[in-house]
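Work through the exercises below with the sequence and the model at hand. Each task is followed by its solution.

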Amino acid sequence: MMDKAGGIQGQSVRPGKYARVERERRFLLAEPPTPSTVTVTRVITDRYLVGTRLRLRRADFPDGDCERKLTQKVPIPAQAVFRA
């Protein structure tokens with residue numbers, strides 16, 4: 001059952017957990033990593049809600065577990081963008 005703060009009753013929700021800035025970083029690899037260096041694999045499926053900035057992500061793990069995340073992409077004001 002959900003409480004008024006949007007959390008599960010009996011479990012605490014960290015302040016700002018759902019409003020923190022996420023910095024996305026991407027890397028271009030010359031080749032895939034060797035199988036011996038891979039520690040965790042998962043199959044990721046993204047679903048976008050048309051007409052919104054919402055995304056539902058499902059990550060399936062080899063052991064049968066799955067993790068679901070609902071995210072909202074919100075643009076930050078132009079003056080807040082860091083320029084080097």
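## Surface and burial

The protein chain of this predicted model exposes about 8,600 Å², of which carbon and sulfur atoms supply 55% (Shrake-Rupley method, 1.4 Å probe). Residues are numbered from 1 along each chain as its sequence is written. Local features need pLDDT of at least 70 and side-chain atom pairs 80 or more, while totals for chains use all residues.

**Exercise 1.** State what share of the residues counts as buried.

Solution. Apply the cut-off: buried means under 20% relative accessible area. Of the 84 residues of the protein chain, 4% meet it.

**Exercise 2.** Describe the secondary structure and the strand order of the sheet.

Solution. Begin with the elements, where strands are DSSP runs of E with at least two residues and helices are runs of H or I with at least four. The chain has 0 helices and 3 strands. Next, take pairing, which requires at least two bridges found by DSSP. The strands form an open antiparallel sheet, ordered β1-β2-β3. Its edge strands are β1 (43–48) and β3 (66–72), each pairing on one side only. Finally, look at β2 (residues 54–60): 7 bridges join this strand to β3. Within that pairing, Leu-54 has Gln-72 of β3 as its bridge partner.

**Exercise 3.** Assess the confidence of the model by chain, strand and segment.

Solution. The score is pLDDT, the predictor's confidence in each residue, from 0 to 100. The chain averages 78, and 65% of the residues score at least 70. Among the strands, β3 has the lowest mean, 90, and β1 the highest, 95. Over residues 1–7, pLDDT stays under 50. That segment has 9 contacts (heavy atoms within 4.5 Å) beyond four places in sequence.

Definitions and conventions: Heavy atoms only, no water. Buried < 20%, exposed > 50% of the residue type's maximum accessible area, 1.4 Å probe, protein only.
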